[in-house]
Amino acid sequence: MRIMMKEMTYLIRSPISLDDLLAEVQSPERGGTCVFLGTVRSDDDVTGIEYSAYDDMALGEITRILDEAQLRWPDARVTLRHRLGLIPVGEASIAIAAAAPHRDAAFAACRYVIEEVKKRLPIWKKEMHADGTATWVDPSGKQIAGGLRDR
C-alpha cells in the first residue's frame, strides 16, 4: 500500500524533475532504468495544452496502475508525474521512470504504465491554438464534438 503523502506528488503543477523521479526508483540492485517523457507537440498550431483532473479520482487510478506494475514486475520500481494546468509546447506533461535489475523489465514496466495511463487516467486536456481558440481532446487523442473549437 502506498503512503498518501507520496501519492500527492504524482500530480504536479510545475515542471517535472527527472532527478526526483530517478531518486524514487533507482538503487544499486536495479541496473536497468527506463524513462518516458511525453511532451506537448506543436501539431495543428497548438501553443500549449491545459490539463485538468478530479485529483482524488486520478490519484486512485494512478495508485492502481503503479500497484499493478509492481505485481507484474516485483523487482522493479516505477513512478510517474503528470502535470496539470497549462503546459507550453516543448515541455513534458508526463514522465514515467522504471528501474529493474535488468533492462527488459524496466522497459516493460515503463511501457505498461504509459499505456494504462492513456487508457484509464481521468485527466482531460484542452489544446490551446495560436488563433486563441481551444479544442477539447479525449484521453485517446481524439478531438471531442467533431473538433469544434471554443472561443
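**Note on the predicted model: helix α3, the core and a charged network**

1. In helix α3, the buried residues are A58, L59, E61, I62, T63, I65, L66 and A69. The list includes a charged residue, E61, which is taken up again under points 4 and 5. This is a predicted model, and what follows should be read as such.

2. The length of α3 can be checked. The helix runs over residues 55–72, which makes 18 residues. At 1.5 Å a residue it should span 26 Å, and its end C-alpha atoms are 26 Å apart, so the expected and modelled values agree.

3. Which residues of the largest nonpolar core touch the most other members? Of its 32 residues, these are V78, L80, I96 and V113. At least two residues of this core come from each of β3 (46–53), α3, β4 (77–83), β6 (92–100) and α4 (103–120). Helix α4 gives the largest share, with seven residues. As general background, nonpolar side chains in soluble globular proteins tend to be buried together.

4. The model has nine salt bridges by the rule applied. One of them joins E61 to R64, with the closest N and O atoms 2.8 Å apart. Both residues belong to α3 and sit three residues apart, about one turn of the helix. In general, an α-helix has 3.6 residues a turn, so residues three or four places apart point the same way. Are the two partners buried or exposed? E61 has a relative accessibility of 13% and, because the cut-off for buried is under 20%, counts as buried. R64, at 43%, counts as partly exposed.

5. E61 also forms a salt bridge with R120, at 2.6 Å from N to O. This pair links distant parts of the chain, since E61 is in helix α3 and R120 is in helix α4, 59 residues apart. R120 has a relative accessible area of 26%, which makes this residue partly exposed.

6. R120 has a further partner in E116, and the side chains of these two meet in a salt bridge of 2.9 Å, N to O. E116 and R120 are about one helical turn apart, because four residues separate them in helix α4. E116 counts as buried, at 12% relative accessibility. Through salt bridges that share partners, E61, R64, E68, E116, K119 and R120 are joined into one network.

7. Another polar pair involves H129, a residue of strand β7 (residues 123–129). H129 is buried, its relative accessible area being 4%. Which side chain does the side chain of H129 contact? The partner is the side chain of D45, in a polar contact of 2.7 Å.

8. On the surface, Y54, M57, W124 and W136 form a nonpolar patch. Together these four residues have about 420 Å² of accessible area. W136 lies in strand β8, residues 134–137. With a relative accessible area of 34%, W136 is partly exposed; the cut-off for patch members is over 30% relative accessible area, so W136 meets that condition.

Key: Residues numbered from 1 in each chain as written. Predicted model: local features only at pLDDT ≥ 70, side-chain atom pairs only at ≥ 80, totals over all residues. Heavy atoms only, no water. Expected span 1.5 Å × (residues − 1). Buried < 20%, exposed > 50% of the residue type's maximum accessible area, 1.4 Å probe, protein only. Patch = residues over 30% accessible without salt bridge, like charges linked within 9 Å, V, L, I, M, F, W, Y side chains within 5 Å. Areas by Shrake-Rupley, 256 points an atom, 1.4 Å probe, with all protein chains shown as cover. Polar contact = N/O pair within 3.5 Å; in protein donor to acceptor, adjacent residues only side chain to side chain. Core = buried A, V, L, I, M, F, W, Y, C linked by side-chain atoms within 4.5 Å.
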